Amino acid sequence: MSNEPAASRIPTAFSEALGELSRADVRKELKITEIPAPARLAPFALALSGDVLENSLPSHGQHGQEFSRTPFLLPGTPLATGRFILLFDPAGQELWCGKFRVVTYIRARLDHEMGQDSMLASVAWSWLEEALAERHAAHHSAGGTATRVISESFGELQGEHDHIDIELRASWTPEDGEALGSHLSAWADMVCTFAGMPPLPEGVQQLPHHRMS
């Protein structure tokens, strides 16, 4: 086993990608933390978790519309939560058609009326496409699933905690490994859209310029 420091063994391309992510503009309403990355999907990976909490949602949007709060959310429960995973294989992977791959997961609780929309899955996928386009995050080989999850309660709890969630699982290959910050920004926009926030950022913040150990 080599005694060479681990940091020096990180490929330059992946190190530069981390720098791009650290400088990405993300909406201030999204609270992001680094989490353990999956070890078996690629030789190198970074994983981030993001939550939009109830107290970060403005009472009115850009044009004065009032945002409705989703019922049956316990205090502290995120309006939307997501995962952003950047994978890197220096040798490339055939299924990715590239060396980098972004994998995302987003889940949000919906109000009853929106949850009944038969086009909900298509709308969720359109949010992904629109977010990537708005941030000019060039990509290819995108794929994923959007799922409507209906939870019903029975017995003594019947009717009290019924709810509908939307889940989006997706992945895509960035066209340019030097512009990965735009992909993180797009993902952050998506999580906020799932939480019911306006489509255009009202404020941005920069991620820390160092990785958690």
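**Group meeting: a walk through a predicted model**

Hi everyone! Reading along the sequence, the protein chain goes α-β-β-β-β-β-α-α-β-β-α-β. Put as totals, the protein chain has 4 helices and 8 strands. Please keep in mind that this is a predicted model.

Let's begin with the chain as a whole. It has 213 residues, and 41% of them count as buried. Now take the contacts in the protein chain with a separation of 6 or more: 73% of them join residues 24 or more positions apart.

What is on the inside? In soluble globular proteins, nonpolar side chains tend to be buried together. Here, the largest nonpolar core has 44 residues, and those touching the most other members are Leu30, Val52, Phe84, Leu86, Leu184, Trp187 and Phe194. Several elements supply at least two residues each to this core: helices H1, H3 and H4, along with strands E2, E3, E4, E5 and E7. Which one gives the most? That is H4, with 8 residues.

Let's zoom in on Phe194. Not counting residues up to four places away in sequence, Phe194 touches Ala80, Ile106, Ala108, Ala124, Trp127, Ile166 and Leu168. Apart from the big core lies another core, of 6 residues, including Ala42, Ala47, Ile85 and Trp96.

Next stop, helix H3, residues 120-134. Here is a nice check you can do yourselves. At 1.5 Å a residue, the 15 residues of H3 should span 21 Å, and the end C-alpha atoms are 21 Å apart, so the two agree. Which residues of H3 are buried? They are Leu120, Ala124, Ser126, Trp127, Leu128, Ala131 and Leu132. As you look at that list, remember that an α-helix has 3.6 residues a turn, so residues three or four places apart point the same way. After H3 comes His136, with a positive phi, near 55°.

I'll finish with my favourite residue, Arg101, which lies in strand E5. Where is the nearest side chain of opposite charge to Arg101? It belongs to Glu175, 10 Å away, and although Arg101 is buried, Arg101 has no salt bridge. What does its side chain make a polar contact with? The partner is the side chain of Ser171, at 2.9 Å. Leaving aside neighbours within four places in sequence, Arg101 is in contact with a whole list of residues, among them Ile85, Leu86, Trp96, His140, Trp172 and Pro174. Two of those names should ring a bell: Ile85 and Trp96 belong to that other core of 6 residues.

Thanks for listening!

Notes. Residues are numbered from 1 along each chain as its sequence is written. This is a predicted model: local features need pLDDT of at least 70, side-chain atom pairs count only at pLDDT 80 or more; totals for chains, interfaces and linings use all residues. Side-chain values use heavy atoms; hydrogens and water are left out. The expected span of a helix is 1.5 Å times one less than its number of residues. Buried means under 20% relative accessible area, exposed over 50%, partly exposed in between (1.4 Å probe, protein chains only). A nonpolar core is a set of buried Ala, Val, Leu, Ile, Met, Phe, Trp, Tyr and Cys residues joined through side-chain atoms within 4.5 Å. Contact means heavy atoms within 4.5 Å. Lys and Arg count as positive and Asp and Glu as negative; His and the chain ends are not counted. A salt bridge is a side-chain nitrogen of Lys or Arg within 4 Å of a carboxyl oxygen of Asp or Glu. A polar contact is a pair of N or O atoms within 3.5 Å; within protein, one must be able to donate a hydrogen and the other to accept it, and residues adjacent in sequence count only if both atoms are side-chain atoms.
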